Amino acid sequence: MGLSPRERLIRWLGSEASFAAWEAEASEGLSALAPASQERVRAALAEALAAVDEGAPVSTTSGEVSLRWAHEGCWLREEDEEPYLYPEPEVLGAALEGELRARLLPAASEGLAALTQGAAELAQAWELAQAPLAARTGRERERLARHDAPPEAARRALLISLDRVPAPLRAAALACEAQRARWRELELEVDPELAASDASKLPLDTRLHPEAWVADLRAALGDAQPAGVLVVGDNARALRWLRARYAGQVQCAYLDPPFNTQSRAFAYRDARPRADWLCFMDERLALSRELLREDGTLYAHIDQHEKERLRLLLDRHLHYVAEVIWRIGWVSGFKTRAKKFIRNHDTIYQYGKRPQPFFSKRYLPYPEGYVRRDGKPPTGKGIPLEDTWNCSSADRLDSIQIMSFSREKVGRGDLTQKNENLLARMLEASSREGDWVLDPFLGSGTTAATALKLGRRWLGCERSPELVDEVILPRLQRVLAGERYGISRETGWEGGGLCEVAWLAL
Ligand SMILES: C[S@@+](CC[C@H](N)C(=O)[O-])C[C@H]1O[C@@H](n2cnc3c(N)ncnc32)[C@H](O)[C@@H]1O
């Protein structure tokens, strides 16, 4: 603290010599600018560099990104609900980029210069800022490498259906009053005779049972593998936790992130500065890729707000396979009033870890009376699925969001819950029974529910503990109990299973 901008720069760059080199480079670039801009650029740089000094907050002019230098070289985002460690130097670099851009842009675009000249000046000024940024992020990379280690789980629990609980432990489980109260909340019927048999699918939550009973249960289960694992915490950390256990094992990943709509109407944060959102996604994509098998597929669900930019990011990590247009369904009411073509689709990108990932081709049944173009009856397996979904009468896949009375809905309009039949289409095309599927943005738990009903195993991350308690765990318990909604009927789902939940230590 109390250092001059020059001293700060020297500290930032690491030595007097690198400062001299930077200064020479910077003056050369600066002298090419118009004098008024030179002054502004100088001031903007000094101000921006001062702001990134240790201990000082870094904020964009909009005040949306605010990083704080914390202990042991960690940068914390202050506006997140929980402190969030950004372990990747690129994230920091990009936040600083946003910072510098916000200050340099006015410098370059002001004055008498025509638009094009302003742009050229911005480019030059921007170049000036690159060298110190590179030095800074290089050192961050080394310093933060150690934060790549997987975090610890603070608490763990099992959801398990009674039929999977060894018989000698069932009577005590059934007698547990807290568990019975939970079943009443979930409106699950407890038939004592059935419950004592081997057939009951009533779901237990081990958090409600005495520790000694849980220890006996864990011992009796031995190394029985769960059909699903939910990690509660920010997915940058949750994916690291999963990576330590499941790297290279996931056959299919589905990412349905906040679309960055700038709307405050959702249960999750959906208004970030663009550079920030891209950094956020870049890190999650890199981690998700590490979990994928070599022939694995990643689907990324998005809308018009960040679609093209997400695609550029995806291209950095994986191989493009297809772009699916999912027509949301019929439009009515308020939506139809827009004075433009009515928005009625989302985009789902399909990417492979290699150019041709595993793919099980899907077909729609021939509609009644269907004939080939030559007038003969069809002989194939059905109509092969195209990359436009829900766009014909043969292909019905309306979003549950537009159905007022879908029993599949978890009752939270602020969650942008997707349909189980939409997920089923992707999981069936890109995984086999028994495969692991991943959803780093689990939301209401659609991927988990669909995976269970399709005989896949699932890994999920969700940062909001409230959402986990209020929506995901009750939904999973109803699924384990054999609920009849979503794709239950088509898949002949009868319930039963074992899932694990891990809450990450902060
Ligand atoms: C669009 S919703 C997913 C909806 C989900 N596909 C469904 O069908 O219910 C995005 C979810 O990602 C969660 N989320 C956002 N940022 C996250 C993060 N950094 N780590 C983990 N979860 C996150 C939000 O809390 C929200 O529940």
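In this predicted model, helix 10 (residues 235-246) meets helix 11 (274-291) through Asn235, Ala236, Leu239, Arg240, Leu242, Arg243 and Tyr246 on the helix 10 side, and through Glu283, Arg284, Leu287, Ser288, Glu290 and Leu291 on the helix 11 side. By class, this contact is made of 6 nonpolar, 2 polar and 5 charged residues. The protein chain around it has 506 residues, of which 37% are buried, and its secondary structure comprises 16 helices and 17 strands. Among its contacts with a separation of 6 or more, 73% join residues that are 24 or more positions apart.

**Helix 10 and its surroundings**

- The axes of helix 10 and helix 11 are 9 Å apart and enclose an angle of about 15°; because angles under 35 degrees count as roughly parallel, the two helices are described as roughly parallel to each other.
- The crossing of helix 10 with helix 11 is left-handed.
- Buried residues in helix 10 are Asn235, Ala236, Arg237, Ala238, Leu239, Arg240, Trp241 and Leu242, and several of these, including Asn235, Ala236, Leu239, Arg240 and Leu242, also take part in the contact with helix 11.
- The cover over the buried residues of helix 10 includes, besides helix 11, strand 5 (153-161), strand 7 (228-232), strand 16 (457-462) and strand 17 (498-504).
- After helix 10 comes Gly248, which has a positive phi near 70°.

**Helix 13 and helix 14**

- Helix 13 (420-430) is mostly covered, with 8 of its 11 residues buried, namely Glu420, Leu422, Leu423, Ala424, Arg425, Met426, Leu427 and Ser430.
- The elements that cover these buried residues include strand 8 (250-255), strand 9 (292-302), strand 10 (319-327) and strand 15 (436-439), together with helix 14.
- Helix 13 packs against helix 14 (residues 446-453) at an angle of about 60°, and their axes are 9 Å apart; this angle makes helix 13 oblique to helix 14.
- Helix 13 passes helix 14 in a crossing that is right-handed, and the contact between them contains 5 nonpolar, 3 polar and 1 charged residues.
- From helix 13, Glu420, Leu423, Ala424 and Leu427 take part in this contact, and their partners in helix 14 are Thr446, Thr447, Ala449, Thr450 and Ala451.
- As background to such a pattern, an α-helix has 3.6 residues a turn, so residues three or four places apart point the same way.

**Surroundings of the ligand**

- Around the ligand there are 18 residues, and those that come nearest are Phe441, Gly443, Ser444, Thr446 and Arg463; of these, Thr446 also belongs to the helix 14 side of the contact with helix 13.
- The shell around the ligand is mixed in class, with 6 nonpolar, 7 polar and 5 charged residues.

**Loop residues with a positive phi**

- As a general point, most residues other than glycine have a negative phi.
- Asn260, which is not a glycine, nevertheless has a positive phi of about 60°, and it is placed in the loop between strand 8 and helix 11.
- Asn260 has 23 other C-beta atoms within 10 Å, and because 20 or more are required for a residue to be called buried, Asn260 counts as buried.
- Thr416 is likewise not a glycine and has a positive phi of about 45°; its place is the loop between strand 14 and helix 13, where its 22 C-beta neighbours inside 10 Å make it a buried residue.

**Loop residues with less cover**

- Ala394 also lies in the loop between strand 14 (388-389) and helix 13, but it counts as exposed because it has 12 C-beta neighbours inside 10 Å.
- Leaving aside residues up to four places away in sequence, Ala394 touches Leu364, Pro367 and Ile383, and its C-alpha is 7.8 Å from that of Pro365, although the two residues are 29 apart in sequence.
- Ser197 is located in the loop between helix 8 (192-196) and strand 6 (203-205), and it counts as partly exposed, with 13 C-beta neighbours inside 10 Å.
- Between Ser197 and Ala167 there is a C-alpha to C-alpha distance of 8.4 Å, with a separation of 30 residues in sequence.

Key
Residues numbered from 1 in each chain as written. Predicted model: local features only at pLDDT ≥ 70, side-chain atom pairs only at ≥ 80, totals over all residues. Near = placed C-beta within 6 Å. Nonpolar A, V, L, I, M, F, W, Y, C, P; charged D, E, K, R; others polar. Helix = DSSP H or I, 4+ residues; strand = E, 2+ residues; numbered from the N terminus. Contact = placed C-beta atoms within 7 Å. Axes fitted to C-alpha atoms, helices over the stretch in contact; angles between N-to-C directions. Parallel < 35°, antiparallel > 145°, perpendicular 65-115°, else oblique. Left-handed = near helix turned anticlockwise from the far one by under 90°.
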